[in-house]
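Here are a few notes to read alongside the model. I have kept them short, so you can follow each one on screen.

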Amino acid sequence: MSTEPEPAEDLEEGVTGKTPDAADAGEDAGQVSEAAAELAAQRLERERIAKRKAEKAPIAAGTKLSGTAADLLAAVRAVESGEKPVVTAAAVVKEPVSRGYVPEPEVKPQVRLEAAVPAAEVVEAVRGVLVQGGAPDGLAGQVAAVLGEGAGERLRADPWQLLRVGGVRPEQADGFARALLGAECGPDDERRGRAVTVWLLEQAALAGHTVLEMPALVAALSQRGVPDPDAAIQETLAEGDALAFQDALEEPGVSARGDDEEDEEDEEEERPVRVLVGLERYALAEESLADGLARLINSVPKKDGSDGEWERIADSAGGSAGELIRAVARHGLVLHTGGESSLAEPAALLGAAGELGLRAWAAAHGPLGRDRFASLSGGATEREESSGGGLPGVVTVAGLLSGAEGPGRDAEGAFDLDLLVVLDAPQLDVETAALLSESLPDGARLVLAGDPAVLWSVGPGRVFADLLAARVCPQVASRRPDPGPLGELVSGIGIGELNQVEAPGKEVVIVPARDAGEAVHRTVQLVADSVPRAIGVPAEDTQVITPGHGGAAGTRALNVVLKERLNPGPGRFGGFDPGDRIAYSPTPGRTLPGHVVTADADGLHLSCAGEAVVVPRERVEQDLRHGWALTAHQAVGGRWPAVVVVLPGDAAQALSRPWVYTAFGRAERHLSVVHGAEQALPRAVAEVLAKPRTTRLPVLLAPQVPVAG
């Protein structure tokens, strides 16, 4: 079984099959969809980020550099000025890095949503080139959208541009190039070197990295048959397809910020640096995020209420809730950590903010988390004016950014609020976090709250983990344990222990399965019969979670048999019938559970967390999956009365402590584990941590803010 989301199995399936994270679905024809509004907001924000970057003067490293570091800095500046850099990868790579790069992460490619719908003649021109090169003509629309005007000519001139389409692999692009170029095609073609370099950086982003260390990139290029990796990287930098960075490394006992008393001889010594390469999109987002967070950390929060009023409310709340309120009173950025029970503390903070007259809002990862927190905090989930205090609002992050939910924006484009609490903070990737931080007005307060033990974001970066490690702002750890046998089980997993717990009310049940076939049979039996009969939770309130989409016990196989048992039908509309449970992905990284209401000429009508959504006919195959069974990444941020976690024997490679913690932690009242992984489960909990991600956020923050005490 593959991990979620899985890569394309072949060229044609990878770009025409169902993509759980694909987006750009619309609503009614006369309305702008939430996804479209979100994309428009993201485009505007990226323009602001690019403008801010362009206004910055080139900054030196902070000390006199020489040797490879100086060469790299010269290379970066040469790229910025339009000249070709003289530094080569070989010149800057001397020592191997300890962390290897996985060039083919098991992550579904993300669709490029920003591209406009290409003209029909452009698509036809691309189709002709694809057919001539032996590639599936079904790729024509995506190639045209990615390459833009003149896409056919561009593709013919550089066949490796096909790699810019999600799901296409280098060997497939090589075959396409050979068919078009004939004898001119060779592994040392600089066009191939550039394209494979960009492809590797894209794959790294899908695996969560915002940048790659130069040695890792050189090694990956060599593995992909690029004969001169340093030349390929040089060409990629020169063409502006990627950016290069150097980050100074701290040596034990040596200050990273220099010392005025250093003698001249020490100043001349070369400082060790880490050389990095990344795509502009994520590099600029990470820099913008660092700037936005530094602005919050270094600013004085807006004065609302006296210190005595904050202290009185904090004393009344008591415990870690009081600590959170005190920290927010004095600081512009605060981190809050804890499990499900800890949500009571951000709820208490919102109540305190309303009492003090602050315009306070909370934003959750998805509608399930939004509605759950609203019921806990007494907040409202509908758009409302909260100026002058009153009931705090609870929205989704996507709805807040798009303007579909929340307080709206002021005349300067900033959120019209004083306090923003972002729940499910580990799910923030660098782009989303940058959009949020850039949108906060001066003097606002930001609280990032979440459980650091859950799976990280689908998109690149590890924002919450990086901030916790950087210690640049106050951190409040909740002291509220999650109750009962489920809380005991999940808390143990969080520290690497898979304990047997007493479950007198059948809160936790282990169901052995010898193979994948038996695992599927047991799962259907549990959902349709055992859990409703013994636990009292109906099938519609039970969620199945499994490690991947493929395989004999993946989401695809499980959803087929669960539909047959729970809602049989012919699947007349793209394989769906009214009453089917679905997983709808309007944008990459977002999954909205719901069910099918009806279908008509406009598309498939869904209900997602009580909200009506219409998916156009042409988007159904790409944006929808059946949703009786989800992956852990799709389920994160949601909780259900009963959860059935399926662990067949072939899932061993997909398991890790964060995965098990996340999957088991989705259950509110009952957890059944269909267990065929044997010793792979306790081994994953004890030994398999989250895969490392290469990011720059802590380094970018270090010169701008002091380390918090």
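1. Let's begin with a sheet. In this predicted model, 6 strands line up as an open sheet with parallel pairing, in the order β6-β5-β7-β8-β4-β9. Its edges are β6 (393–396) and β9 (475–477), each of which pairs on one side only. On average, neighbouring strands of this sheet are turned by 20 degrees against each other, direction ignored.

2. For a closer look at that sheet, try β7 (residues 419–422) and β8 (residues 445–450), which pair in the parallel sense over 4 bridges. One place to find the register is Leu419, whose bridge partner in β8 is Arg445. As general background, strands of a sheet pair through backbone hydrogen bonds, either parallel or antiparallel.

3. Next, please look at strand β11 (residues 542–545). Is it buried or exposed on its two faces? Both faces are covered: Thr542 and Val544 are buried on one side, and Gln543 and Ile545 are buried on the other.

4. Which strands pair with β11? Strand β18 (residues 640–647) pairs with β11 in the parallel sense over 4 bridges, and Ile545 has Val645 as its bridge partner there. Strand β17 (residues 629–630) also pairs with β11 in the parallel sense, over 2 bridges; here Val544 is matched with Ala629 as its bridge partner.

5. Finally, the cysteines. The structure holds 0 disulfides. Cys473 counts as buried because its relative accessibility is 4%, under the 20% cut-off. Cys608 is buried too, with a relative accessible area of 2%.

Notes. Residues numbered from 1 in each chain as written. Predicted model: local features only at pLDDT ≥ 70, side-chain atom pairs only at ≥ 80, totals over all residues. Heavy atoms only, no water. Disulfide = S-S within 2.5 Å. Buried < 20%, exposed > 50% of the residue type's maximum accessible area, 1.4 Å probe, protein only. Pairing = 2+ DSSP bridges. Axes fitted to C-alpha atoms, helices over the stretch in contact; angles between N-to-C directions.
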